[in-house]
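Me: I am new to this structure. Please choose a single part of it, look at that part closely, and then place it in its surroundings.

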Amino acid sequence: MLGYALRRATFALSLVWAVSFVAFVSFGLSFDPLYRFNFCGEQCRPQKEALAARFHLDDPILERYWLWLSGLFHHGFGDFVPPSATSPSTAIDPSLFRALSVSAQLMATALVLTVAFSILIGVASARRPGTLVDVMLRLLAYVTWAMPAFLTAIVLARLLGGTGWFLFRPPGGGVVTWIRTMALPAVALSLGLIGVYSRYIRTASLTELHQPYAVVARAKGLSERRVAYRHALRNALVPFVGILSLDFAAIVGTSLAVDYVFHMGGLAFLLLGSLQEADPFGLTAIIVVVGAVVAVFTVLSDLALGWLDPRLRTGAST
Amino acid sequence: MRARAGLDERRGLAAAAARSGVDRVRRRGPWLQAAVRFRRRPLGIVALLVTMAFVVIAVFAPRLAPYTGAQLFFRFINDPQPPSLHGGHLLGTDVLGHDMLTQMLWAVRETVLGALGCALAATLIGLAVGAVGGYFGGALDSAVQWLTSLVVIIPALVVLLMVVAFEAPLPLWAFPATLALYLWIHVARAVRGSFITLRHREFIEASLAAGASGRWIVFRHLLPNAVGTLLVAGTAVVGQSTVIIATATFFGYGNQQTDRPTLGGLLSNAASGTQFAISPFASTPWWLWVLPAVTLGLFIVAIYFLADTLDEVLQPVRA
């Protein structure tokens with residue numbers, strides 16, 4: 001298991017490194033954070049040159065990447081490019097990690113809701129295929145699935161925002177305040193996901209419930225609930241975890257839209273802000289952090305898969 | 001879905017056999033069988049009809065629209081009219097004095113054609129990459145796997161926003177084209193998986209033993225058997241690209257000309273005219289956001305239902 005974990009981690013690390021390289025080079029070449037100075041001519045030239053020298057903007061791109069990469073280990077992601085040479089510089093790290101913590105809270109809450117309800121709904125409909133309950137859950141799944149999350153978010157905000165109980169600001173404070181800020185965004189993000197994943201769980205559970213081992217478990221006199229949740233579910237989770245890890249980047253993307261609608265001050269705002277400023281350092285930092293989060297999640301889900309189905313660890317044929 | 005589809009399949013074939021005699025069933029080709037199975041899924045048929053209606057509207061939108069996209073009705077500026085049968089504005093007008101029906105038709109055109117173009121391009125790229133990885137295996141396959149893993153860890157939405165941000169006035173096809181460079185991985189994965197499964201089947205070995213060339217195996221055996229997978233994955237990409245493009249335009253990026261609206265853009269306009277932070281749309285006239293929201297939802301539901309039905313119909317039994 002340890003060897004398997006190390007292999008997956010090395011693979012993920014190589015991906016994050018590649019992301020940082022591609023992101024830094026392409027943003028470094030295409031975004032000009034000093035674009036403002038182009039409009040004011042000669043009088044801004046000293047400022048522009050000072051900033052360009054400070055951020056090495058005129059050096060060859062590979063040299064800049066090397067500087068950035070070695071700087072990463074000494075002083076993190078460095079500074080945002082300030083609007084003028086005299087204004088104080090802001091470090092990227094604090095605002096990045098504040099935004100990341102908001103986004104992470106949102107995604108974690110939504111994932112917990114998603115996994116719990118997908119399993120409940122999926123197994124419930126697999127145990128009663130073709131019944132009214134199954135059909136209703138299926139219809140509901142399709143409708144929530146088809147609503148883009150930003151649409152779900154604005155509909156929820158429109159319907160429930162007027163009650164005044166829900167807060168449209170960054171999460172924080174006590175438990176109750178946290179719930180007041182987090183409830184709607186987490187539900188908006190997870191509704192669509194529950195729609196998709198409950199279908200996957202249902203399909204997989206239905207297959208597993210007809211496998212010989214399930215029949216044997218029933219023949220031993222186990223209750224149907226025990227067969228469904230103790231025996232079939234573990235095998236039914238294998239495709240689910242695989243798909244969840246593939247979709248995780250898309251979930252991060254969706255969380256940005258939700259974050260934006262509910263004014264949570266997460267990565268969406270940092271991203272849009274950096275885009276506005278055309279700041280290649282801010283953008284690279286965001287991309288690398290998002291990539292790293294997704295990569296870590298992928299490694300974790302690989303490990304979970306290896307635990308659920310030991311054959312996957314060794315690469316044995318399935 | 002799959003397991004049930006398998007059961008249905010057996011039941012369906014038995015019923016068909018009872019009706020028309022076993023021999024006729026046996027003689028049917030796989031496509032005809034799929035068509036027969038499709039006909040028995042009313043939801044799938046509805047989804048197909050709705051999708052086709054969207055495509056027709058998208059293609060003929062310039063002819064269907066009662067006004068040109070740029071035409072303004074000055075007396076309705078800041079006085080949006082509700083939908084009504086009289087007065088020449090079937091779906092009302094918006095805050096800027098546009099005819100809403102015209103706006104909606106152009107938005108549907110933008111959304112549907114963009115999604116279809118994106119799906120087509122993504123399917124072609126995914127097919128090529130997936131086929132190469134799945135057929136040759138080995139180091140080439142590992143390289144392809146690494147590349148897809150690399151693409152998959154960055155959210156498509158983020159890339160789209162960045163690409164769009166750095167060259168503001170982009171041509172209309174830039175969104176779908178960028179997205180196609182992204183969404184092909186889903187097709188590639190499906191094709192690769194299907195090729196790998198097929199490659200070890202007995203009929204391929206038999207063909208190899210009979211001296212078939214690689215090209216023969218790929219084009220004669222592997223591709224025809226993977227067409228179902230390809231079609232399902234391609235249809236799913238239509239849905240994905242619709243969602244992502246709508247979200248990106250909702251963020252306010254991308255195509256912002258008011259005579260070439262998008263569904264996400266219409267929603268964004270409807271939301272931004274109000275106290276957005278407290279409650280979006282609080283004082284927006286309902287037709288300005290309900291119409292694009294429902295249209296967008298309907299198209300995506302139809303596409304997903306279609307993909308799902310195709311999945312059940314084309315691949316009734318899986319290894």
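A helix in chain B and its surroundings

Reply: Immediately following helix H5(B), Gly137(B) adopts a positive phi of about 65°. The model is a predicted one, in which local features need pLDDT of at least 70 and side-chain atom pairs count only at pLDDT 80 or more, whereas totals for chains, interfaces and linings use all residues. Residues are numbered from 1 along each chain as its sequence is written, while chains are lettered from A and ligands numbered from 1 in the order in which they are written.

The helix that ends before this glycine covers residues 100-136 of chain B; helices here are DSSP runs (H or I, at least four residues; strands are E, at least two), numbered from the N terminus. The 37 residues of H5(B) should span 54 Å at 1.5 Å a residue, and this agrees with the 53 Å between its end C-alpha atoms (the expected span is 1.5 Å times one less than the number of residues). H5(B) is largely enclosed by the rest of the structure, because 28 of its 37 residues are buried (20 or more other C-beta atoms within 10 Å; exposed means 12 or fewer, partly exposed in between).

One partner of H5(B) is helix H10(B), residues 214-250; the two axes come within 8 Å and cross at roughly 140° (axes are lines fitted to C-alpha atoms over the stretch in contact, with angles from 0 to 180 degrees between N-to-C directions). H5(B) is therefore oblique to H10(B) (under 35 degrees is roughly parallel, over 145 roughly antiparallel, 65 to 115 roughly perpendicular, the rest oblique). On the H5(B) side, the residues that meet H10(B) include Gly114(B), Ala115(B), Cys118(B), Ala122(B), Gly126(B) and Tyr135(B). Among those they meet in H10(B) are Val218(B), Leu230(B), Gly234(B), Val238(B), Ser241(B) and Ile245(B); contact requires C-beta atoms within 7 Å. By class, the residues of this contact are 15 nonpolar, 7 polar and no charged (Ala, Val, Leu, Ile, Met, Phe, Trp, Tyr, Cys and Pro are nonpolar, Asp, Glu, Lys and Arg charged, the others, Gly among them, polar).

H10(B) also packs against helix H12(B), residues 286-314, with axes that come within 9 Å and cross at roughly 165°. H10(B) is therefore roughly antiparallel to H12(B). Its contributors to this contact include Gly228(B), Leu231(B), Val238(B), Gly239(B) and Ala246(B), and those of H12(B) include Phe299(B), Ile303(B), Tyr304(B), Leu310(B) and Asp311(B). Here the residues divide into 15 nonpolar, 4 polar and 1 charged. Val238(B) is listed in the contact with H5(B) and also in the contact with H12(B).

Beyond these helices, chain B meets chain A: 35 residues of chain B are in contact with 43 of chain A. On the chain A side, H1, H5, H6, H7, H9, H10 and H11 each supply at least two residues. H9(A) gives the largest share of that side, with 9 residues. That side comprises 32 nonpolar, 9 polar and 2 charged residues.

Chain A itself contains 12 helices and 0 strands, and its C-alpha atoms fill a box of roughly 85 × 55 × 35 Å along the principal axes. Of its 318 residues, 42% count as buried. When contacts in chain A between residues at least 6 apart in sequence are considered, 76% join residues at least 24 apart. Phe24(A), in helix H1 of chain A, illustrates this chain: its C-alpha atom is 8.4 Å from that of Leu283(A), 259 residues away along the chain. Phe24(A) is buried because it has 23 C-beta neighbours inside 10 Å, and its contacts include Tyr65(A) and Trp68(A).

Methods: Contact = placed C-beta atoms within 7 Å. Lists of a residue's contacts leave out its neighbours within four places in sequence.
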